[in-house]
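Hi everyone, and thanks for making time for this. Please have the sequence and the structure open while I talk, and follow along with me.

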Amino acid sequence: HSGAFDFIKKFKDKFLLGILTSSSYKVVLKELEEMNVDLNLFFNIQGAEHTAVHKPNPDVFLPIFQFLSNNGLDKSEILYIGDSPVDFHSSTNFGLNFIGMAHDDRYINFFEEQNIKFVKGFKDLENTLNN
């Protein structure tokens with residue numbers, strides 16, 4: 001998505017950045033490598049193969065949270081950025097903070113109707129985090 005890599009480079013030293021996706025780890029890894037993305041920018045990349053459950057089941061966050069909690073982080077310190085209602089429900093039911101990423105118009109109505117904080121792109125996300 002537009003501005004994603006600029007955002008990652010800007011915030012890589014301020015936050016632990018990770019990827020949790022329902023896509024295949026192998027597919028995501030291949031896509032990142034094809035785009036010449038330094039995989040060391042992410043503390044963890046969790047794909048569908050890493051859990052027996054999947055979103056909207058909140059337990060999908062257990063593997064990645066185990067790493068974070070072992071490093072002294074509490075759920076209240078974690079922000080999950082997702083682009084769908086499933087992301088919202090699974091992350092908040094696990095106890096995480098959530099911001100919606102409405103990079104297209106598909107779920108804007110959902111975010112607005114549910115009074116969920118959302119941004120329309122990575123520049124908006126940057127502004128939100130800086131405020």
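Let me start with a question: which strands does helix 4 lie across, and at about what angle does helix 4 run to strand 4? Helix 4, residues 85-94, lies across strand 3 and strand 4, and runs at about 170 degrees to strand 4. Before I go on, please keep in mind that this is a predicted model.

Now for the sheet that helix 4 lies on. Here 3 strands form an open sheet, with parallel pairing, in the order 3-4-5. The edges are strand 3, at 79-82, and strand 5, at 118-119, and each of these pairs on one side only. Strand 3 and strand 4 are joined in the parallel sense over 4 bridges. Strand 4, which covers residues 97-101, also pairs with strand 5 in the parallel sense, over 2 bridges. As general background, the strands of a sheet pair through backbone hydrogen bonds, and the pairing can be parallel or antiparallel.

If you want one residue to find your way by, try Gly 100. Looking towards strand 3, Gly 82 stands opposite Gly 100 of strand 4. Looking towards strand 5, Gly 100 stands opposite Phe 118. There is a second helix to look for here: helix 6, residues 122-130, packs on the sheet and touches strand 3, strand 4 and strand 5. The direction of helix 6 makes about 150 degrees with that of strand 4. Is strand 4 mostly covered or mostly open? Strand 4 is mostly covered, with 4 of its 5 residues buried.

Let's go back to helix 4 for a moment and pick out Pro 85, which lies in that helix. Is Pro 85 buried or exposed? Pro 85 has a relative accessible area of 18%, and buried means under 20%, so Pro 85 counts as buried. Leaving out residues up to four places away in sequence, Pro 85 touches Tyr 107 and Phe 110. And here is our landmark again: Pro 85 and Gly 100 are 15 residues apart in sequence, and their C-alpha atoms are 8.7 Å apart in space.

Next, the empty spaces. What is the volume of the largest pocket? The largest pocket comes to about 1,600 Å³. Its lining is made of 45 residues, and those nearest its centre are Gly 18, Ile 19, Leu 20, Tyr 80 and Ile 81. Many elements take part: among those that supply at least two residues each to this lining are helix 1 (4-11), strand 1 (18-20), helix 2 (25-34) and helix 3 (62-70). Strand 3, helix 4, strand 4 and helix 6 also supply at least two residues each. Sorted by class, the lining of the largest pocket has 30 nonpolar, 10 polar and 5 charged residues.

How many cavities of 30 Å³ or more does the structure hold? It holds 2 of them. The largest cavity has about 50 Å³ of space. Its lining includes Leu 20, Gln 46, His 54 and Lys 55, and by class it divides into 4 nonpolar, 6 polar and 1 charged. The second largest cavity has a volume of about 30 Å³. Among the residues that line it are Asp 83, Met 101, His 103 and Tyr 107. You may remember Tyr 107 as one of the residues that Pro 85 touches. The lining of this second largest cavity divides into 5 nonpolar, 1 polar and 2 charged residues.

Last stop: the backbone. In general, most residues other than glycine have a negative phi, and most peptide bonds are trans. With that in mind, look at Lys 55 and Pro 56, which are joined by a cis peptide bond with omega at about 20 degrees. Pro 56 lies in the loop between strand 2 (44-46) and helix 3, and Lys 55 is one of the residues lining the largest cavity.

Then there are two asparagines. Asn 36 has a positive phi, near 55 degrees, and lies in the loop between helix 2 and strand 2. Asn 115 also has a positive phi, of about 55 degrees, and lies in the loop between helix 5 (108-113) and strand 5. Are these residues buried or exposed? Asn 36 is exposed, with a relative accessible area of 70%, and Asn 115 is exposed too, at 72%.

That's my tour, and thank you for listening!

Notes. Residues numbered from 1 in each chain as written. Predicted model: local features only at pLDDT ≥ 70, side-chain atom pairs only at ≥ 80, totals over all residues. Heavy atoms only, no water. Pairing = 2+ DSSP bridges. Contact = heavy atoms within 4.5 Å. Axes fitted to C-alpha atoms, helices over the stretch in contact; angles between N-to-C directions. 1 Å grid on protein atoms, 1.4 Å probe; cavity = no way out; pocket = protein on both sides within 12 Å on 5 of 7 lines; lining within 4 Å. Points joined across faces, edges and corners; volume = space filled by probe spheres on them. Nonpolar A, V, L, I, M, F, W, Y, C, P; charged D, E, K, R; others polar. Buried < 20%, exposed > 50% of the residue type's maximum accessible area, 1.4 Å probe, protein only.
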